[in-house]
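User: I am new to this structure and would be grateful for a close look at a single part of it. Please take the part around one salt bridge and one cavity, and set it in the context of the whole.

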Amino acid sequence: MTTGHVQEFACFTDYDKELVCHWKMPAQANCSKEFVLFYSKETSPVSNMCVPENEKDSLRCICTIYPDYFVAGLTYILALQFNGTDVWNYNVTPALVVKPRAPKNLTIEKAENGNFILSWEESYSSPSLLSGQPVIYEVKYWRKQHPTEISVEPINYQAKSFEITASSLKRGYDYIASLRCNYMDYPAYWSEWSEEVEFHNDYQVKAEDVLQMAVPTSCILIVAGSVICYFCFTK
């Protein structure tokens, strides 16, 4: 949608501290001098003002509102002015546009079996409304030298760790992993990807791994040999 000078107006919230609205400009503008965003609760006539800023490295204006509280039924009435003229009106219900904060404190450790254990923490704690809510995760990891070859794995929402099997990785390479989350009762947006962790896969094939592969292979060869001998004998 476009109206005059405004394109792609949208809002999202971390549902804890801030409500962020942004819009795209067709040409470079000084957001703080040319725009003002007025907002009020649907249940209150009191209007507040948010002065936007130019988003870094982007042709977008961004305005951050810090509500006193968040509740499921809260709706804001927004009115955007460009040089004193109303150019956009918008209603937003924060509970419907939740973009959670990314998981934090991502770490990776090597387990005794040679695999890699990825661990993390939620970015929300009590009394935040998202604290303790059902949440699902996705982990992605890739070879540092080949960033386009990405593996993405879903993770059960009850987990706070994920095991990356070393034997599934290429030996001798550096890998990078990252994580994001989505709250099941507020599914509008996935979070951004978390900070990355780097690890080196020096996995060595062990004797028991060779044995595990050798036994079924030997069985197959024995069966195949028996079948061939049988047909040769019958002829």
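Analyst: What follows is a connected account of the part around Arg 101, set within the whole protein.

The model is a predicted one. The protein contains 2 helices and 16 strands. Of its 235 residues, 37% are buried. The accessible surface of the protein amounts to about 14,000 Å², and carbon and sulfur atoms hold 53% of that surface. When contacts between residues at least 6 apart in sequence are considered, 60% of them join residues at least 24 apart.

The close look begins with a salt bridge. Side chains of opposite charge can pair when their charged atoms come close. Arg 101 and Asp 14 are joined in this way by their side chains, with an N to O distance of 3.0 Å. Because Asp 14 belongs to the loop between β2 (6-13) and β3 (19-24), while Arg 101 belongs to the loop between β9 (85-92) and β10 (104-110), the pair ties together parts that are 87 residues apart in sequence. The two partners can also be described by their accessibility. Asp 14 has 8% relative accessibility and therefore counts as buried, the limit being under 20%. Arg 101, by contrast, has a relative accessible area of 26% and is partly exposed.

The whole structure holds 9 salt bridges. Another of them links Glu 149 and Arg 143, whose closest N and O atoms are 2.8 Å apart. In that pair Glu 149 is partly exposed at 44% relative accessibility, whereas Arg 143 is buried at 8%. Returning to Arg 101, salt bridges with shared partners place Asp 14, Asp 16 and Arg 101 in one network.

Arg 101 also has a contact with Ser 191. Ser 191 is found in the loop between β15 (173-183) and β16 (197-201). Why does Ser 191 count as buried? Its relative accessible area is 5%, and buried means under 20%, so Ser 191 falls within that class. With neighbours within four places in sequence set aside, the residues in contact with Ser 191 are Pro 100, Arg 101, Ala 102, Pro 103, Arg 180 and Cys 181.

A cavity belongs to this part of the structure as well. Rolling a probe the size of a water molecule over the atoms shows where empty space is left. The count comes to 2 cavities of 30 Å³ or more. The second largest cavity has about 30 Å³ of space. Its lining consists of Arg 101, Pro 103, Glu 121, Glu 122, Ser 123, Val 135, Tyr 137, Cys 181 and Tyr 183. Two or more of these lining residues come from each of β12 (135-143) and β15. By character, the lining of the second largest cavity divides into 5 nonpolar, 1 polar and 3 charged residues. Arg 101 is thus one of the lining residues of this cavity, a partner of Asp 14 in a salt bridge, and a contact of Ser 191. Pro 103 and Cys 181 likewise appear in the lining of the second largest cavity and among the contacts of Ser 191.

The largest cavity provides a point of reference. About 40 Å³ of space lies in it. The residues that line the largest cavity are Met 25, Ala 27, Gln 28, Ala 29, Cys 31, Asn 54, Ser 58, Leu 59, Arg 60 and Cys 61. This lining comprises 6 nonpolar, 3 polar and 1 charged residues. Arg 60, one of the residues in the lining of the largest cavity, forms a salt bridge with Glu 55, in which the closest N and O atoms are 2.7 Å apart. Both partners are partly exposed: Arg 60 stands at 25% relative accessibility, and Glu 55 stands at 22%.

In summary, the part examined brings several features together at Arg 101. This residue shares a salt bridge network with Asp 14 and Asp 16, is in contact with the buried residue Ser 191, and contributes to the lining of the second largest cavity.

Technical notes: Residues are numbered from 1 along each chain as its sequence is written. This is a predicted model: local features need pLDDT of at least 70, side-chain atom pairs count only at pLDDT 80 or more; totals for chains, interfaces and linings use all residues. Side-chain values use heavy atoms; hydrogens and water are left out. Helices (H or I, at least four residues) and strands (E, at least two) are DSSP runs, numbered from the N terminus. Buried means under 20% relative accessible area, exposed over 50%, partly exposed in between (1.4 Å probe, protein chains only). Contact means heavy atoms within 4.5 Å. A salt bridge is a side-chain nitrogen of Lys or Arg within 4 Å of a carboxyl oxygen of Asp or Glu. Accessible areas come from the Shrake-Rupley method with a 1.4 Å probe; for residues, only the protein chains shown count as cover. On a 1 Å grid over the protein atoms alone, a cavity is a set of points where a 1.4 Å probe fits but cannot get out, and a pocket is an open set with protein on both sides within 12 Å along at least five of seven lines; lining residues have an atom within 4 Å of a point. Grid points are joined across faces, edges and corners, and a volume is the space filled by probe spheres set on the points. Ala, Val, Leu, Ile, Met, Phe, Trp, Tyr, Cys and Pro count as nonpolar, Asp, Glu, Lys and Arg as charged, and the others, Gly among them, as polar.
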